[in-house]
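User: I'd like to learn how to read a structure like this one. Could you walk me through it feature by feature?

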Amino acid sequence: MGDPKNPLLSKDGDITIGTLISIHSKETLSSSEFTRKPQLICSSVNLIDLRLAQIMIFAIEEINRSGNLLPNVSIGYKIYDTCASRLSSMSATMAVMNGQEFAAGDRCNGQSPIHAIIGETESSATVILSRTTGPFKIPVISHSATCECLSNKKAYPSFFRTIASDYHQSRALAYIVKHFGWTWVGAVNSDNDYGNNGMATFLNTAQEEGICVEYSVKFYRTEPEKLLNVVNIIKQSTAKVIVAFLTSFEMYNLLEQLYIQNITGIQMIGVEAWITAKNLIIPQSFQVLGGSLGFAVRNIKIEGFLDDVIKEFGETQNYIEDVPEQRYTSNIYKAVYAVAHALHNLLKCKEHEGCGKGLTIQPQQVVEALKKVNFTVKFGDHVWFDSTGATVAQYEVVNWQQDSDGSIQFKAVGYYDASLPPELRFVLNTENIVWVGGKLEKPRSVCSESCPPGTRKAAQKGRPVCCYDCITCADGEISNETDSNNCQQCPGEYWSNTENTECVLKAVEFLSFTEVMGIVLVSFSLFGVGITVLMAILFYSKKDTPIVKANNSELSFMLLFSLILCFLCSLTFIGRPTEWSCMLRHTAFGITFVLCISCVLGKTIVVLMAFKATLPGSNVMKWFGPAQQRLSVFAFTLILICVLWLSISPPFPYKNIKYYKEKIIFECSLGSTIGFSAVLGYIGLLALLCFILAFLARTLPDNFNEAKFITFSMLIFCAVWITFIPAYVSSPGKFTVAVEIFAILASSFSLLLCIFAPKCYIILFKPEQNTKQHLMGKNTN
């Protein structure tokens with residue numbers, strides 16, 4: 001294997017460019033019998049790379065003919081066949097660096113016969129070439145090696161390329177997946193420098209963009225077992241989109257197996273290495289790869305090249321039919337011209353004066369000159385090398401489509417141009433895309449369906465972040481966007497709507513005049529007022545009768561008046577609380593009930609005093625006449641407590657958002673709990689005193705002893721308000737107010753009915769008992 005390797009195509013010149021390219025695509029060993037030295041045999045002509053060799057020769061001849069770029073200097077070439085083999089690639093590398101001539105003696109002349117090398121096609125082979133030539137500073141310019149690993153200038157200081165690094169393509173693959181909303185994809189790559197580095201960049205970018213990769217597998221063209229394992233993983237997966245970072249060789253192998261195992265319906269996203277490869281167009285390919293979408297090197301037609309091919313090969317249809325589809329021809333054309341421009345600067349060439357003669361050009365000089373080249377080729381592309389030795393990333397987005405005649409076409413549906421601002425780099429015309437299976441509807445590929453507004457994503461344990469369950473937001477929380485990670489808590493006075501998509505003002509609850517409960521309570525209150533007024537009218541009309549005069553009619557009318565106020569006082573508790581209504585309802589309640597109980601207490605004292613006055617020698621009534629009775633009522637009606645309450649900490653309207661989460665209780669805060677307790681305590685004290693006195697007077701000998709009715713009324717009154725306290729504390733919202741109104745009405749009705757109903761009954765139905773004699777117990781049968 002150490003025999004010298006001769007160039008497949010060559011031509012002498014003042015300056016020589018070496019080229020390593022896969023003219024053949026298959027390599028075999030002639031013998032393995034160990035009886036003679038084995039020979040490497042190359043077979044199966046690779047038409048794609050043969051045309052690339054032709055375009056290189058075409059560019060060199062064009063430069064030599066023009067005389068403008070390198071006048072009086074000719075460029076020669078030596079094209080070596082690598083047979084798509086790393087072994088032959090290494091052999092060709094050594095040959096192109098050293099040539100066939102050896103210096104006299106045991107020493108080489110120390111000079112490389114090559115000024116620059118163009119090649120190789122694949123990244124892994126280019127890595128071998130660049131690592132070998134790097135220490136000797138021989139410039140290598142690749143037309144299609146896109147591995148990001150070659151951007152490392154410390155490892156590859158003399159490497160250049162007229163194609164962009166895969167860093168841009170790998171990221172663009174993630175962007176196109178994100179653009180179509182695919183969050184659940186599979187990934188397959190070639191197990192070489194090209195595939196491994198490109199896939200690593202894609203996976204990192206996919207993670208940044210929130211794309212989940214169900215599986216990431218790889219194989220090499222010479223590993224059939226790994227290929228079968230990859231196909232089995234694809235068959236079992238749920239992802240409907242595959243990012244295939246493969247060379248055309250691996251893609252062809254994968255295509256065969258997918259067809260054999262009838263695996264279809266998968267949307268392929270491809271790279272420039274295979275998306276426009278003609279070797280993939282076979283009868284069964286569209287069934288698997290139809291609708292594929294991917295990035296391709298721009299298709300640029302080089303003027304005159306097709307005519308040159310036809311001139312050399314004639315009208316050989318099989319050979320020239322796809323010449324216009326060769327997408328790397330412009331790259332190798334630009335590589336040749338880049339070397340020519342570098343030499344033009346080194347030789348100080350002038351158009352009419354020619355180039356400097358006798359100058360010795362070293363390869364390392366060409367390296368430095370290539371860093372500075374900046375020119376435009378005839379088809380309009382601007383050529384220059386960035387700090388990594390690459391050109392700007394410019395891709396077409398192509399789509400596999402089928403014409404009416406069944407032929408497969410690569411239709412351009414967009415572009416990616418890294419030289420443009422970020423917002424303009426990526427453009428897609430989705431209306432022109434035909435998807436997998438020839439469908440016009442975009443396929444879906446997600447692990448979990450999108451969570452609608454009103455829900456949040458909950459990660460599934462042990463699975464990627466794209467796999468989740470949709471959980472409805474809790475009451476009082478919302479999410480107003482699709483695929484929300486968290487639900488937002490509504491502010492204090494807001495609550496979530498039924499769909500949990502927006503915060504709305506909470507319903508404000510208070511006892512209203514228009515609701516059923518409010519109407520019932522108002523009706524009872526007005527009914528109590530009406531009954532009390534009727535009784536007052538009846539008493540006034542019969543004010544001269546004994547039963548009305550008994551126990552001081554003035555106190556009776558005062559009590560009836562206070563009961564009217566008690567019934568009306570309940571109305572202040574109904575309706576929307578305001579600052580004034582809150583102060584009025586509690587103070588009115590306190591004052592009217594104190595006035596009412598004071599009147600009852602006055603009547604009770606009158607009963608006791610009247611009995612004592614009938615005893616011989618008693619003059620107690622002169623100390624408890626009408627004036628004293630009025631004075632006692634006003635004395636007992638102590639308004640000082642209410643005044644202090646309103647002065648220090650009066651009741652105020654308050655929106656209670658703590659009792660209910662979903663609604664606001666609009667209520668009157670007591671302000672001072674001590675003030676309210678003092679009012680209730682004072683009323684209770686008066687009621688208790690009244691009850692005790694009435695209880696003591698219940699056995700007095702009158703036929704109509706009012707103390708009995710007062711005792712019963714006070715018993716009911718105390719029972720109502722004792723029951724009120726726990727009911728008031730435990731009742732929620734507007735029911736708290738309803739309980740308080742009920743207590744007011746119940747206690748008012750108890751006083752009204754127990755004290756005045758018996759008298760009204762006698763006045764209306766037993767007038768014969770409405771006599772002084774009957775009341776004094778002196779009637780005779």
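**Reading cysteines, a pocket and strands**

Analyst: Let's start with one cysteine: C451 is buried, at a relative accessible area of 0%. Keep in mind that this is a predicted model.

User: Okay, so what is C451 bonded to, and how far apart are the sulfur atoms?

Analyst: The general idea goes like this: a disulfide is a covalent bond between the sulfur atoms of two cysteines. Here C451 forms a disulfide with C470, and their sulfur atoms are 2.0 Å apart. The torsion about that S-S bond is about -95°, so the disulfide is left-handed. C451 sits in the loop between β18 (426-428) and β19 (455-459), while C470 is in strand β20 (residues 468-472), so the pair ties together parts 19 residues apart in sequence.

User: And C470, how accessible is that one?

Analyst: C470 has a relative accessible area of 35%, so it counts as partly exposed. Its partner C451 is buried, with 0%.

User: How many disulfides does the structure hold?

Analyst: Nine. One of them joins C42 and C83, with the sulfur atoms 1.5 Å apart. The link of C42 and C83 is right-handed, with 100° about the S-S bond. It connects distant parts of the chain: C42 belongs to strand β4 (residues 40-45), C83 to the loop between β5 (75-81) and α2 (86-98), and the two are 41 residues apart.

User: Which of those two is buried and which is partly exposed?

Analyst: C83 is buried, at 1% relative accessible area, whereas C42 counts as partly exposed at 26%.

User: Got another pair to practise on?

Analyst: Sure, take C147 and C149, whose disulfide has an S to S distance of 2.3 Å. This link is right-handed too, with 135° about the S-S bond. As for accessibility, C147 is buried at 0%. C149, at 19%, counts as buried because the cut-off is under 20%.

User: What lies around S85, and is that residue buried or exposed?

Analyst: S85 is buried, with a relative accessible area of 15%. You'll find S85 in the loop between β5 and α2. The lesson here is to compare sequence with space: S85 and S25 are 60 residues apart in sequence, yet 8.0 Å apart C-alpha to C-alpha.

User: Now the empty space. How is that found in a model, and how much space lies in the largest pocket?

Analyst: The general idea first: rolling a probe the size of a water molecule over the atoms shows where empty space is left. In this structure, the largest pocket holds about 1400 Å³ of space. Its lining has 50 residues, and the closest to the pocket centre are S25, N46, S248, F249 and N279.

User: Which elements supply the lining?

Analyst: At least two residues each come from β3 (24-29), β4, α1 (47-66), α2, α3 (123-133) and α7 (248-260). The largest share, five residues, is from α1. Sorted by class, the lining has 15 nonpolar, 21 polar and 14 charged residues.

User: Let's do strands. Why would I call β13 largely enclosed?

Analyst: Look at burial along the strand. Five of the five residues of β13 (residues 293-297) are buried, so the rest of the structure largely encloses it. L293, F295 and V297 point one way, G294 and A296 the other way, and all are buried.

User: Which strands does β13 pair with, parallel or antiparallel?

Analyst: There's a case of each. Strand β12 (residues 267-270) runs parallel to β13, joined by two bridges, and there I269 has L293 as its bridge partner. With strand β16 (residues 394-402), β13 pairs in the antiparallel sense over five bridges, and L293 stands opposite N399.

User: And how do I read the order of strands in a sheet?

Analyst: List the strands as they sit side by side. One open sheet has three strands, ordered β25-β27-β26, with mixed pairing. The edge strands are β25 (507-509) and β26 (652-656), each pairing on one side only. Neighbouring strands of this sheet are turned by 30° against each other on average, direction ignored. β25 pairs with strand β27 (residues 663-669) in the parallel sense over three bridges, and E509 stands opposite I665 in β27.

Definitions and conventions: Residues numbered from 1 in each chain as written. Predicted model: local features only at pLDDT ≥ 70, side-chain atom pairs only at ≥ 80, totals over all residues. Heavy atoms only, no water. Disulfide = S-S within 2.5 Å. Helix = DSSP H or I, 4+ residues; strand = E, 2+ residues; numbered from the N terminus. Buried < 20%, exposed > 50% of the residue type's maximum accessible area, 1.4 Å probe, protein only. 1 Å grid on protein atoms, 1.4 Å probe; cavity = no way out; pocket = protein on both sides within 12 Å on 5 of 7 lines; lining within 4 Å. Points joined across faces, edges and corners; volume = space filled by probe spheres on them. Nonpolar A, V, L, I, M, F, W, Y, C, P; charged D, E, K, R; others polar. Pairing = 2+ DSSP bridges. Axes fitted to C-alpha atoms, helices over the stretch in contact; angles between N-to-C directions.
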